[in-house]
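Please look through the sequence and the model that follow, and then read the paragraphs below beside them. They lead from one feature to the next, so that a picture can be built up step by step.

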Amino acid sequence: MQGETDVESIGGTEYDSNSMAGVFFDGVIGAVSGAVGTAVMTVVLLIGTSLGGFDIESLSMVSDLIGLGAVAPSYSVAIGYLLFLAGGMVTWPLLFASIGRYLPGGTWARQGAFFGFILWPGFVLAFYTGYTGFELAVYVAVTLLGHLAYGFCMGAVFDYLGGRDEPLV
């Protein structure tokens, strides 16, 4: 009905979820959830690096894609990781908040795991650098596990901080 507002509480502070404060808090929830998911995924990828199944240098492809690799070649991997982190904190949580309720699972965490599975094939193809044999098996397993963990953790933070039945956006 017109004129009704959805009042929510985060940290004891009530706000109208349709107000600018509501939009701001929803954005913070998305960024925090994406940061947690990306941190967990980074740990999984670093484990894959130690097993020889993921080359952290492949993140430089992200910075090379937009031309920043040529501007600061010695920082190409760091710039690539920062862009990877930005995508994990902004782009994917925003998309997940928009379509998450249409995914199977029943909770944001389970829907997030499904979302991570959907993202995985693109990552596998984009960051493949010629692995074969055992390294290829580790690459496939580690990237799949990383994406499932990313989505699950992102969704779990949505569950914990969001506390709402409707999508965030």
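**A walk through the model**

The residues that line the largest pocket divide into 12 nonpolar and five polar ones, with no charged residue in the lining. The model in which this pocket is found is a predicted one, and the pocket has a volume of about 350 Å³. Its lining is made up of 17 residues, and those that lie nearest the centre of the pocket are Phe84, Trp92, Phe123, Phe127 and His147.

Which helices each supply at least two residues of this lining? They are helix 1, helix 2 (60-65), helix 4 (76-99), helix 5 (108-126) and helix 6. The largest share comes from helix 4, which gives five residues to the lining of the largest pocket.

To place these helices in the whole, it helps to turn to the protein chain itself, which holds six helices and two strands. Read along the sequence, the chain follows the pattern β-β-α-α-α-α-α-α. Of the 169 residues of the protein chain, 38% count as buried.

The surface has a feature of its own, a nonpolar patch formed by Phe24, Val28, Val32, Val36, Tyr160 and Leu161, which together have about 550 Å² of accessible area. Helix 1, spanning 20-50, and helix 6, spanning 133-162, each supply at least two residues of this patch, and helix 1 gives the most, with four residues. One of the patch residues, Val32, is found in helix 1, and with a relative accessible area of 35% Val32 is partly exposed, because that value falls between the 20% under which a residue is buried and the 50% over which a residue is exposed.

Two further residues of helix 1 can be followed to places elsewhere in the chain. Ala31 is found in helix 1 and is partly exposed, with a relative accessible area of 24%. The C-alpha atom of Ala31 is separated by 9.0 Å from that of Ala86, although the two residues are 55 residues apart along the chain. Leu46 also has its place in helix 1, and at 46% relative accessibility Leu46 counts as partly exposed. Between Leu46 and Ile56, which are 10 residues apart in sequence, the distance in space is 7.5 Å from C-alpha to C-alpha.

The last stop is the loop between helix 5 and helix 6, where Thr129 lies and where Tyr131 also has its place. Is Tyr131 buried or exposed? Tyr131 counts as buried, because its relative accessibility is 6% and buried means under 20%. Thr129, by contrast, counts as partly exposed, at 42% relative accessibility.

Both of these loop residues can also be paired with residues that stand well before them in the sequence. Thr129 and Glu57 are 72 residues apart along the chain, and their C-alpha atoms are separated by 9.9 Å. Tyr131 and Asp55 are 76 residues apart in sequence, while in space the distance between them is 9.6 Å, C-alpha to C-alpha.

Key
Residues numbered from 1 in each chain as written. Predicted model: local features only at pLDDT ≥ 70, side-chain atom pairs only at ≥ 80, totals over all residues. Heavy atoms only, no water. Patch = residues over 30% accessible without salt bridge, like charges linked within 9 Å, V, L, I, M, F, W, Y side chains within 5 Å. Areas by Shrake-Rupley, 256 points an atom, 1.4 Å probe, with all protein chains shown as cover. Salt bridge = Lys/Arg side-chain N within 4 Å of Asp/Glu carboxyl O. Buried < 20%, exposed > 50% of the residue type's maximum accessible area, 1.4 Å probe, protein only. 1 Å grid on protein atoms, 1.4 Å probe; cavity = no way out; pocket = protein on both sides within 12 Å on 5 of 7 lines; lining within 4 Å. Points joined across faces, edges and corners; volume = space filled by probe spheres on them. Nonpolar A, V, L, I, M, F, W, Y, C, P; charged D, E, K, R; others polar.
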